[in-house]
Amino acid sequence: MMCADCEMEMNHHADKLNLVAALDDAEHIDPDLGGVLEEAHTCPGCGKTEFQIAT
Ligand SMILES: [Zn+2]
């Protein structure tokens, strides 16, 4: 994904299990994990972090 601020390619550096998001985003729940898996992306330019639901 691209940074919204500086349009650089963001680095995917971590996955995060979001148990709170699963409460109102049932269709994305991973049944094995019991939550929604999100990918954390960080911009090398400005350091901004964005989360995206893992596909
Ligand atoms: Zn940026």
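pLDDT is the predictor's confidence in each residue, from 0 to 100. I began with this score since the entry concerns a predicted model, in which local features need pLDDT of at least 70 and side-chain atom pairs count only at pLDDT 80 or more, while totals for chains, interfaces and linings use all residues. I kept the numbering from 1 along each chain as its sequence is written.

**Confidence.** For the protein chain I noted a mean pLDDT of 92, with 100% of its residues at 70 or more. Among the elements, helix 1 (residues 21-24) has the lowest mean pLDDT, 79, and strand 2 the highest, 95.

**Elements and extent.** I took helices (H or I, at least four residues) and strands (E, at least two) as DSSP runs, numbered from the N terminus. On that basis I found one helix and three strands in the protein chain, and read their order from the N terminus as β-α-β-β. The C-alpha trace spans about 35 × 20 × 15 Å along its principal axes.

**Sheet.** I counted two strands as paired if DSSP finds at least two bridges between them. The three strands form an open sheet in the order 1-2-3, with antiparallel pairing; strand 1 (11-18) and strand 3 are the edge strands, each pairing on one side only. From one strand to the next the twist averages 30 degrees, where axes are lines fitted to C-alpha atoms (for helices over the stretch in contact) and angles run from 0 to 180 degrees between N-to-C directions.

**Pairing, residue by residue.** I looked up the junction of strand 1 and strand 2 and found seven bridges, the two strands running antiparallel; Asn18 has Val36 in strand 2 as its bridge partner. Strand 2 (residues 36-42) and strand 3 (residues 49-53) pair in the antiparallel sense over five bridges. Going along strand 2, I noted that Glu38 stands opposite Ile53, that Glu39 has Gln52 as its bridge partner, and that Ala40 has Phe51. These two strands form a hairpin with six residues between them, and Gly47 in the turn has a positive phi of about 80 degrees.

**Burial and contacts.** I called a residue buried if 20 or more other C-beta atoms lie within 10 Å of its own, exposed if 12 or fewer, and partly exposed in between, with C-beta atoms placed from the backbone. Buried residues make up 5% of the 55 residues in the protein chain, and strand 1 is hardly covered, with zero buried residues among its eight. Taking two residues as in contact if their C-beta atoms, placed from the backbone, lie within 7 Å, I found that residues 24 or more positions apart account for 45% of the contacts with a separation of 6 or more.

**Glu7.** Most residues other than glycine have a negative phi. I therefore noted Glu7, a residue other than glycine whose phi is positive, near 55 degrees. Glu7 lies in the segment before strand 1, and it counts as exposed because it has 9 C-beta neighbours inside 10 Å.
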